[in-house]
Amino acid sequence: MEVTDWSGLPGHVPERFLAAYDAWQGAGLVAHPHVHGANLGVRGSAYCAAGGFPPLAVSEDVALVEALVGAGRVVLRTPVSPVATSSRRAPRAEGGFGTDLDRLATDAATG
């Protein structure tokens, strides 16, 4: 994921976000562990076999990928084609990326 505009957030939020987001690189993982519905591509038969998107308010994309992995499907996670997203702090879905940014901004402001 790539945030296209950090304006409106305290200056050290980008650094804190990137440190947390890229922590997998120092953890000995071969590929990043993130799931982003904005660039998620799934073969129709695999989608149906995994039960599709579960009826969740947030992280339904993560749940679908977990179901695919659980069903033995191959999942490719690559940083080669990042999702461009905004840094809005008012989330469309409570618990989503906007909530994460707001938490980082609040944490940054308090220390």
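These are my notebook entries on what I looked up in this structure.

**Entry 1: the overall picture**

I'm working with a predicted model, so I kept that in mind throughout. I began with the chain as a whole: the protein has 111 residues, and 25% of them count as buried. I then looked at the box that its C-alpha atoms fill, which comes to roughly 45 × 30 × 20 Å along the principal axes. The accessible surface is about 7000 Å², and carbon and sulfur atoms own 56% of that.

Next I listed the elements. I found four helices and two strands. Reading from the N terminus, I get the order β-α-α-α-β-α. I also checked contacts between residues at least 6 apart in sequence: 57% of these join residues at least 24 apart.

**Entry 2: helix H1**

Which residues of H1 are buried? I noted Val-13, Pro-14, Phe-17 and Tyr-21. Around the axis they cover an arc of only 95°, so they sit on the same side of H1. Turning to the other side of H1, I found Glu-15 and Ala-19 exposed.

**Entry 3: Leu-104 in helix H4**

I picked Leu-104, which is found in helix H4. Is Leu-104 buried or exposed? Its relative accessibility is 11%, and buried means under 20%, so Leu-104 counts as buried.

Then I asked what Leu-104 is in contact with, leaving aside neighbours within four places in sequence. My list reads Val-13, Arg-16 and Phe-17. Two of those names were already in my notes, since Val-13 and Phe-17 are among the buried residues of H1. I looked at the pair Leu-104 and Phe-17 a bit longer: they are 87 residues apart along the chain, yet their C-alpha atoms are separated by 7.3 Å.

**Entry 4: helix H3 and what comes before and after**

In H3, I marked Asp-61, Leu-64, Val-65 and Leu-68 as buried. Looking down the axis of H3, I see these buried residues fall within an arc of 95°, so they line one face of the helix. What do the buried residues of H3 pack against? They pack against helix H2, which covers 44-49. On the other side of H3, I wrote down Glu-66 and Gly-70 as exposed.

I also checked the backbone on either side. Ser-59 is found in the loop between H2 and H3. Its phi is near 65°, a positive value in a residue other than glycine. Ser-59 has 35% relative accessibility, so I put it down as partly exposed. Just after H3, Gly-72 takes a positive phi too, of about 80°.

**Entry 5: Thr-85 in strand E2**

Thr-85 lies in strand E2. Its relative accessible area is 16%, so I count Thr-85 as buried. Which residues is Thr-85 in contact with, once neighbours within four places in sequence are left aside? I noted Met-1, Glu-2, Val-3, Thr-4 and Phe-97.

**Entry 6: the largest pocket**

Now for empty space. Rolling a probe the size of a water molecule over the atoms shows where it is left. The largest pocket holds about 900 Å³ of space. I counted 32 residues in its lining, and those nearest its centre are Val-35, His-36, Asp-61, Gly-96 and Phe-97. I had met Asp-61 before, as a buried residue of H3, and Phe-97 as a contact of Thr-85.

Which elements each supply at least two residues of this lining? I got helix H1 (13-21), helix H3 (60-70), strand E2 (84-85) and helix H4 (97-110). H4 gives the most, with five residues. Sorting the lining of the largest pocket by class, I got 17 nonpolar, nine polar and six charged residues.

**Entry 7: the second largest pocket**

The second largest pocket has about 560 Å³ of space. Its lining has 27 residues, and the closest to its centre are His-34, Asn-39, Leu-76, Arg-77 and Thr-78. By class, I sorted the lining of this second pocket into 15 nonpolar, eight polar and four charged residues.

Definitions and conventions: Residues are numbered from 1 along each chain as its sequence is written. This is a predicted model: local features need pLDDT of at least 70, side-chain atom pairs count only at pLDDT 80 or more; totals for chains, interfaces and linings use all residues. Side-chain values use heavy atoms; hydrogens and water are left out. On a 1 Å grid over the protein atoms alone, a cavity is a set of points where a 1.4 Å probe fits but cannot get out, and a pocket is an open set with protein on both sides within 12 Å along at least five of seven lines; lining residues have an atom within 4 Å of a point. Grid points are joined across faces, edges and corners, and a volume is the space filled by probe spheres set on the points. Ala, Val, Leu, Ile, Met, Phe, Trp, Tyr, Cys and Pro count as nonpolar, Asp, Glu, Lys and Arg as charged, and the others, Gly among them, as polar. Buried means under 20% relative accessible area, exposed over 50%, partly exposed in between (1.4 Å probe, protein chains only). Contact means heavy atoms within 4.5 Å. Accessible areas come from the Shrake-Rupley method with a 1.4 Å probe; for residues, only the protein chains shown count as cover. The arc is that of the directions from the helix axis to the C-beta atoms.
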